[in-house]
Amino acid sequence: MHIDDETLTNHGIHAQKDGRVLILACGALAREIIDIININGWSHLDLHCLPAILHNTPERIPDAVAWAVAEQRERYGEIFVAYADCGTGGLLQARCAELGVEMIEGPHCYSFFEGNAEFAARDEISAFYLTDFLVRQFDAFVTKPLGLDRHPELRDMYFGHYTKLVYQAQTDDPALTAKARDCAAFLKLDFERRFTGYGDLEAALRPL
């Protein structure tokens, strides 16, 4: 299955109803989840993704997840929510508990990609994180929403309290690394690359 990043950002993807278990995920995780499913031969899993751009308005995520669960519940015996808290202040976890569905542990994808325990131990309050998807979609999630393409002088206001950009690489792609380094330079931040692979994501999906 090939899905372009613009579709994942603004529209998401709909499940094909080929399996018994549905993974309801953020569009930013689609490529990684598809890779994990294919690598392991988990043909019983279907993937349904909400638009990744919801992360720019995290207060909308709990309702969007609840609506999608209600829409898909009769079609699947089990639904797993592939979102962490993602800036909802615990509201998503509370909503999932009400709906009786499980979700990924952790505050956000940066944490479970690195490994929740290791991420918490680092306690990096001055790091700005990017994943493969966010490097590819840097303009859609950072430059344009913050107006930095029109007003570059706003960089210090938004990013003055950060000291470095950490690129959590899911793949070993020199072109993405170069682009991530350019993103760090654009934000006037030090650059660090960490190869995380899928982190805790595969472990979270394996029990399904």
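## Helix H3 and its packing

Helix H3, formed by residues 61-72, contains 12 residues and extends 16 Å from its first C-alpha to its last, close to the 16 Å expected at 1.5 Å a residue. The helix belongs to a predicted model. Its buried residues are Ile61, Pro62, Ala64, Val65, Ala66, Ala68, Val69 and Gln72.

Three strands and one helix receive the buried residues of H3: these pack against strand S1 (21-26), strand S2 (45-50), strand S3 (78-82) and helix H4 (91-99).

## The loop before H3

The loop between S2 and H3 contains Thr57. Because its relative accessibility is 24%, Thr57 counts as partly exposed; the buried class is confined to values under 20%. Thr57 is separated from Gly106 by 49 residues in sequence, and the two lie 19 Å apart in space, C-alpha to C-alpha.

## The largest pocket

The largest pocket has a volume of about 790 Å³. Its lining comprises 33 residues, of which His55, Tyr110, Phe128, Tyr129 and Leu134 lie nearest the centre.

Several secondary-structure elements contribute to this lining. Helix H5 (109-114), helix H6 (116-122), strand S5 (127-131), helix H8 (138-143) and helix H9 (155-159) each supply at least two residues. S5 gives the most, with 5 residues. By residue class, the lining of the largest pocket divides into 26 nonpolar, 5 polar and 2 charged residues.

## The second largest pocket

The second largest pocket holds about 330 Å³ of space. It is lined by 15 residues, and those nearest its centre are Phe80, Glu102, Met103, Ile104 and Glu105.

At least two lining residues of the second largest pocket come from each of S3, strand S4 (102-103) and helix H11 (201-205). S3 is also among the elements against which the buried residues of H3 pack. The lining of the second largest pocket consists of 7 nonpolar, 3 polar and 5 charged residues.

## The overall fold

The protein has 11 helices and 7 strands. Its radius of gyration is 17 Å, close to the 17 Å that the globule rule gives for 208 residues, so the protein is as compact as a globular protein of that length. Along the principal axes, the C-alpha trace spans about 50 × 35 × 30 Å.

Of the 208 residues in the protein, 51% are buried. Among contacts between residues at least 6 apart in sequence, 69% join residues at least 24 apart.

Methods: Residues are numbered from 1 along each chain as its sequence is written. This is a predicted model: local features need pLDDT of at least 70, side-chain atom pairs count only at pLDDT 80 or more; totals for chains, interfaces and linings use all residues. Side-chain values use heavy atoms; hydrogens and water are left out. Helices (H or I, at least four residues) and strands (E, at least two) are DSSP runs, numbered from the N terminus. The expected span of a helix is 1.5 Å times one less than its number of residues. Buried means under 20% relative accessible area, exposed over 50%, partly exposed in between (1.4 Å probe, protein chains only). Contact means heavy atoms within 4.5 Å. On a 1 Å grid over the protein atoms alone, a cavity is a set of points where a 1.4 Å probe fits but cannot get out, and a pocket is an open set with protein on both sides within 12 Å along at least five of seven lines; lining residues have an atom within 4 Å of a point. Grid points are joined across faces, edges and corners, and a volume is the space filled by probe spheres set on the points. Ala, Val, Leu, Ile, Met, Phe, Trp, Tyr, Cys and Pro count as nonpolar, Asp, Glu, Lys and Arg as charged, and the others, Gly among them, as polar. The radius of gyration is taken over C-alpha atoms; the globule rule is 2.2 Å times the number of residues to the power 0.38.
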